[in-house]
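Colleague: I am new to this one and would like to learn how to read the places where ligands sit. Could you walk me through it?

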Amino acid sequence: MTGQPQSGQLVAVVGPSGVGKDTLISALASARPDIVIAQRIITRAADAGGEDHLAVSEALFDAQLAMGRYAFHWGAHGLRYAIPASINAELAQGRVVVFNGSRKALPHIAERYPQLLVLMVTAPPEMLERRLRARGRENTREIAARLKRAELSAPQGAQVIVNDGSVDVAVARMLGAISRPERSA
Ligand SMILES: Nc1ncnc2c1ncn2[C@@H]1O[C@H](COP(=O)(O)OP(=O)(O)O)[C@@H](O)[C@H]1O
Ligand SMILES: O=P(O)(O)OC[C@H]1O[C@H](OP(=O)(O)OP(=O)(O)O)[C@H](O)[C@@H]1O
């Protein structure tokens with residue numbers, strides 16, 4: 001893990017499975033091309049559907065970790081996830097860098113990136129299940145496990161983004177939060 005040159009703004013988008021993190025991040029990228037979206041490295045098949053991640057084997061994940069290629073990493077759902085160390089250069093250039101993160105991993109990430117802004121996306125529980133089924137990336141058993149994890153509480157200091165209406169409205173809420181990061185902490 002590497003430290004953070006702090007002049008840009010690192011933004012974690014977190015929340016339960018199916019709440020819309022990937023959808024909102026992708027819409028945010030279209031609305032604001034100046035914002036950097038970190039491409040995740042995941043031990044998940046490239047054709048699994050959903051986000052455009054970099055698919056790697058466990059062995060390659062470990063090798064790249066040993067070479068210092070990750071800013072930080074975590075495990076969840078039987079998968080491993082990492083954010084590339086290239087975000088440090090982007091932050092040093094003053095860019096806003098957004099990533100799809102893990103609620104559980106936040107304390108670990110915030111140790112290295114103390115000015116981390118956390119956007120916690122929420123939606124009613126029945127909406128999560130409907131959305132996960134519609135997404136179709138996980139099977140019924142995997143969806144049940146993800147819904148169980150939905151109960152993880154909101155991280156302290158997070159700004160809550162309710163995604164229970166249109167994507168555009170939720171993206172506007174995210175942009176408002178990013179422009180006022182001092183309200184987090
Ligand atoms: N505001 C919204 N309105 C309708 N459908 C949405 C909305 N946000 C997300 N979805 C849908 O919900 C499903 C789960 O969204 P996704 O972005 O994959 O969630 P997450 O990354 O949080 O697991 C997707 O099929 C997506 O199209
Ligand atoms: O600690 P948690 O907040 O529960 O997060 C655990 C993991 O779940 C999500 O992954 P992924 O994108 O694979 O799943 P999702 O799209 O179903 O949320 C999220 O991006 C984290 O990597």
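**Reading the two ligand sites**

Modeller: Happy to. Let us start with one contact: a side-chain polar atom of Trp74 is 2.8 Å from an oxygen atom of ligand 2. Please keep in mind that this is a predicted model.

Colleague: Which other side chains place a polar atom by an oxygen atom of ligand 2?

Modeller: A contact of this kind is a pair of N or O atoms within 3.5 Å. Ser102 offers a polar side-chain atom at 2.7 Å from an oxygen atom of ligand 2. For Ser17, the distance from a polar side-chain atom to an oxygen atom of ligand 2 is 2.3 Å.

Colleague: How much of ligand 2 does the protein bury?

Modeller: Here we take the ligand alone and then ask what the protein covers. Ligand 2 by itself exposes 490 Å², and 98% of that is buried by the protein.

Colleague: Which elements give two or more residues to the shell around ligand 2?

Modeller: They are strand E5 (70-76) and helix H6 (140-149). In total, 19 residues surround ligand 2, and the nearest are Ser17, Tyr81, Arg103, Arg146 and Arg149. Sorted by class, that shell holds 10 charged, five polar and four nonpolar residues.

Colleague: Now for ligand 1. Which residues are closest to it?

Modeller: The shell of ligand 1 has 14 residues, with Gly18, Lys21, Thr23, Arg135 and Asn163 the closest. By class, seven of the shell residues are polar, four are charged and three are nonpolar.

Colleague: Which helices supply at least two residues each to that shell?

Modeller: Helix H1 (21-31) and helix H5 (125-135) do so. H1 gives the most, with three residues in the shell around ligand 1.

Colleague: What polar atoms of the protein lie by ligand 1?

Modeller: For each pair, look at whether the protein atom belongs to the backbone or to a side chain. Arg135 uses a polar side-chain atom, 2.8 Å from an oxygen atom of ligand 1. Lys21 has a polar backbone atom 2.8 Å from an oxygen atom of ligand 1. With Gly165, a polar backbone atom is 2.9 Å from a nitrogen atom of ligand 1. As for cover, ligand 1 taken alone exposes 560 Å², of which the protein buries 76%.

Colleague: Which pocket holds the space taken by each ligand?

Modeller: The space of ligand 1 is the largest pocket, and the space of ligand 2 is the largest pocket too. That pocket has a volume of about 520 Å³. Its lining has 34 residues, and those closest to the pocket centre are Pro16, Ser17, Gly18, Lys21 and Arg135.

Colleague: And which elements supply at least two residues each to the lining?

Modeller: H1, E5, H5 and H6 do. By class, the lining of the largest pocket has 12 charged, 12 polar and 10 nonpolar residues.

Conventions
Residues are numbered from 1 along each chain as its sequence is written. Chains are lettered from A and ligands numbered from 1 in the order in which they are written. This is a predicted model: local features need pLDDT of at least 70, side-chain atom pairs count only at pLDDT 80 or more; totals for chains, interfaces and linings use all residues. Side-chain values use heavy atoms; hydrogens and water are left out. A residue is near a molecule or strand if one of its heavy atoms lies within 4 Å of it. A polar contact is a pair of N or O atoms within 3.5 Å; within protein, one must be able to donate a hydrogen and the other to accept it, and residues adjacent in sequence count only if both atoms are side-chain atoms. Accessible areas come from the Shrake-Rupley method with a 1.4 Å probe; for residues, only the protein chains shown count as cover. On a 1 Å grid over the protein atoms alone, a cavity is a set of points where a 1.4 Å probe fits but cannot get out, and a pocket is an open set with protein on both sides within 12 Å along at least five of seven lines; lining residues have an atom within 4 Å of a point. A molecule sits in a cavity or pocket if more than half of its atoms lie within 2 Å of its grid points. Helices (H or I, at least four residues) and strands (E, at least two) are DSSP runs, numbered from the N terminus. Ala, Val, Leu, Ile, Met, Phe, Trp, Tyr, Cys and Pro count as nonpolar, Asp, Glu, Lys and Arg as charged, and the others, Gly among them, as polar. Grid points are joined across faces, edges and corners, and a volume is the space filled by probe spheres set on the points.
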